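Reader: I'm new to looking at protein models. Could you walk me through one?

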Amino acid sequence: MANNHAGLPSPTLGDLVLPKLYSLFGIANKDSLYGAVAEFEDGPQLVAAGAKVKEAGYTKLDALSPFPVHGIDDAIGVPRSILGFIVICIAFCGTFAAFLLMWYTGAYSGPQIPGCELVGLCSYPLVIGGKPLFHWVFGLPIMFELSILFAAFASVIGMFALNGLPRMHHPTFNYSGIHRATDDRFMLVVEASDPKFKAEETLELLRSLGAVHAELVEDK
Amino acid sequence: MAAHNNSAANHPLLEVNPPLVLGGQSYHDVTESVSSISEGKTPKQWYILISITASITVMLFGMLAYLVANGIGVWGNNAPVYWAWDITNFVFWIGIGHAGTLISAILFLFRQKWRTSINRSAEAMTLFAVACAMIFPLFHTGRPWRAAYWLGPTPNPDLVMWQNFRSPLMWDVFAVSTYATVSALFWYVGLVPDLATLRDRARGIRQRIFHIASLGWRGSARHWRNYEMAYLILAGISTPLVLSVHTIVSFDFATSVLPGWHTTIFPPYFVAGAIFSGFACVLTLLIIARWALNLEHLITLKHLENMNKVILVTGWVVGLAYGTEFFIAWYSGNPYEQFVFINRAFGPYAWAYWTMISCNVISPNFFWFKKLRNSIPVMFVLSLVVNVGMWFERFVIIATSLHRDFLPSSWGYFQPTYVDICTFIGTIGLFLTLFLLFCRFLPIIAISEVKGVLAEQRNPGPGVVATSKVVDPKFEPVPVAVGTTEGSGH
């Protein structure tokens, strides 16, 4: 690995790509400390502990819980979801796609795309019942439906993409009691990459905040 | 946790609203009672039930194969009633599906927390009902493998033509297929955290399957933030969607010039009818499921009573629509319109009309009485009666308008063939088979959402407020000092 001017090892392409590939296929990438995980009995304790840990100057925090615990986002500094903006843009793409479909297939009478007859993609304007070839009124239902369809796909695919899922492996899965994070326990995670992170000190802080259990978790 | 329970029990909200999760349960109890259904040994009754419903489904496949081999003539559809049981069944099943979306989306937006125990099974019901519904238009084409060219805008080098987008039948194709897709997505998004719960309780290959199905969900605060946004958006777009679907289904009739169909009341009338029949169907299924799977503490009498109230209200909306139709027929002064309605009530299909009226308009009125609203046998029978009535409503609208229109020389009387009857019964078998499979293998109750309601019941303060964010502002929440509760260790 080449060193850059600061004397730190600069990451190679492999360093950047491989961990992502490993995590996607559920293979651990390297043996190193990931962070500390502390376990709480209920939501309010988690929120209180999260707020105290953030007050103590930690920034790389996460929480695992069996259901959304409100107040945790502000307590540990999780930013607002940007999903809404993505969805509304894609929804309008759906409206436009529906307009284009109906207008091109039923009202476009300009020069045809060369070779369109081979795949059945030529437009075919046809007057039926004396109605106009295209009008927004009859276009409305399909424009509406396709906007909804596009928005639904955008919100589901967008949500998983923003969450970095599917991801079959994650270091927090190495925590001994992780199976209870989807059952009845509330975990606070402090990552080792946090500048304030010192293994023993951080564990001590978490225990003092009322964690029923706290341990260091390796990235293996 | 004693401190939490005390403060929750004294909460003034609970005097007005009884708790939705009964019996002082912990989060783990909720996980346990829902997950154990899919983890335990398969009960013998399940095998008996599914062997019956699967046999009926096999009959459905047989009937469909027979239809494809011989053509649409095996159904009773003929001049003048070309749209008969097939579209009746289509509208019937689509309508049933609407209650699922109403519960999962509209009640979510109105922050009706009682929906959490029933939304998963209602959404599953939506999917299965829409699947049953789609069979009818697909097989009505006679050549279902060509339907992609006829129904969808598929590039077609043989015909080099396109669909007529000015036709409400095309709108219907887009509405129903969008509805099926969005319902499936909504259902899956709701399932992901619960699949992760099942994964964390499982071992071996089962764990592997649930790990892939839950996409490696781990319940991170960052995940929940996007997840809740996605859920809110899906609820927000499903609400106009569900209203649009039955509106567009009603356009199939309303945009025609046939007396009895050509009315502007159809969209709201169809939507109300859909909710009415759908709630009745959810009720039927849940009464059986909560009894068979021991879920009385999660699907409480309060849930059932609320559904009965919705049935009572929508039953009256439907009754009002019947009355309005008659009034407008008289008030319009249009002799054809007047004839259709007199013929409906007193003509050859009077038996169907009065079955519809007694099932849909008279029977829900039993729910005015709290005692009857809370009686399981009464609500079970009434839910079945309402479903029969709503099937008859669609049959009456379709058959009576078609069988005697403008030209008396073309009048006729529709009679179903055995293929019509067996195909319809077959779809009921398919619906129940899919529902039984769902009950056996997937979490039938939204575990994470019920825990959210439970958290609110335990900590009714600002510290933890679950899925639905607002506690009624009229009631002062009991302050639970965050971090000073028992078990926090300082």
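The questions below go from chain B as a whole to a pair of helices and then to single residues.

Author: Quick heads-up before we start: this is a predicted model.

Reader: Okay, how many helices and strands are there in chain B?

Author: Let's just tally the elements of chain B. The strand count comes out at zero, while the number of helices is 18.

Reader: And what share of the residues in chain B is buried?

Author: Chain B has 490 residues. A residue counts as buried when its relative accessible area is under 20%. By that cut-off, the buried share of chain B is 60%.

Reader: Among contacts in chain B between residues at least 6 apart in sequence, what percentage join residues at least 24 apart?

Author: Here we leave out pairs that sit less than 6 apart in sequence. Of the contacts that remain in chain B, the portion joining residues at least 24 apart is 81%.

Reader: Are α5(B) and α17(B) roughly parallel or roughly perpendicular to each other?

Author: Helix α5 of chain B covers residues 85–109, and helix α17 of chain B covers residues 418–441. Their axes come within 10 Å and cross at roughly 20°. Angles under 35 degrees count as roughly parallel. So the answer for α5(B) and α17(B) is roughly parallel.

Reader: Is the crossing of α5(B) and α17(B) left-handed or right-handed?

Author: That's a separate matter from the angle. For α5(B) and α17(B), the crossing is right-handed.

Reader: Which residues in α5(B) meet α17(B)?

Author: On the α17(B) side, the partners are B:D420, B:I421, B:F424, B:T427, B:I428 and B:F431. By class, this contact has seven nonpolar, two polar and one charged residues. The α5(B) residues taking part are B:W85, B:N89, B:F92 and B:W93.

Reader: Is B:S104 buried or exposed?

Author: B:S104 lies in helix α5 of chain B. Leaving aside residues up to four places away in sequence, B:S104 touches B:R115, B:N119, B:E123 and B:F186. Its relative accessibility is 1%, and buried means under 20%. So B:S104 counts as buried.

Reader: Which residues does B:H140 touch, not counting those up to four places away in sequence?

Author: B:H140 lies in helix α6 of chain B, which covers residues 119–140. At 28% relative accessibility, B:H140 counts as partly exposed. With residues up to four places away in sequence left out, B:H140 touches B:I72, B:W75, B:N77, B:Y82, B:W83 and B:D86.

How values were computed:
Residues are numbered from 1 along each chain as its sequence is written. Chains are lettered from A and ligands numbered from 1 in the order in which they are written. This is a predicted model: local features need pLDDT of at least 70, side-chain atom pairs count only at pLDDT 80 or more; totals for chains, interfaces and linings use all residues. Side-chain values use heavy atoms; hydrogens and water are left out. Axes are lines fitted to C-alpha atoms, for helices over the stretch in contact, and angles run from 0 to 180 degrees between N-to-C directions. Helices (H or I, at least four residues) and strands (E, at least two) are DSSP runs, numbered from the N terminus. Angles under 35 degrees count as roughly parallel, over 145 as roughly antiparallel, 65 to 115 as roughly perpendicular and the rest as oblique. A crossing is left-handed if the near helix is turned anticlockwise from the far one by less than a right angle, and right-handed if clockwise. Contact means heavy atoms within 4.5 Å. Ala, Val, Leu, Ile, Met, Phe, Trp, Tyr, Cys and Pro count as nonpolar, Asp, Glu, Lys and Arg as charged, and the others, Gly among them, as polar. Buried means under 20% relative accessible area, exposed over 50%, partly exposed in between (1.4 Å probe, protein chains only).
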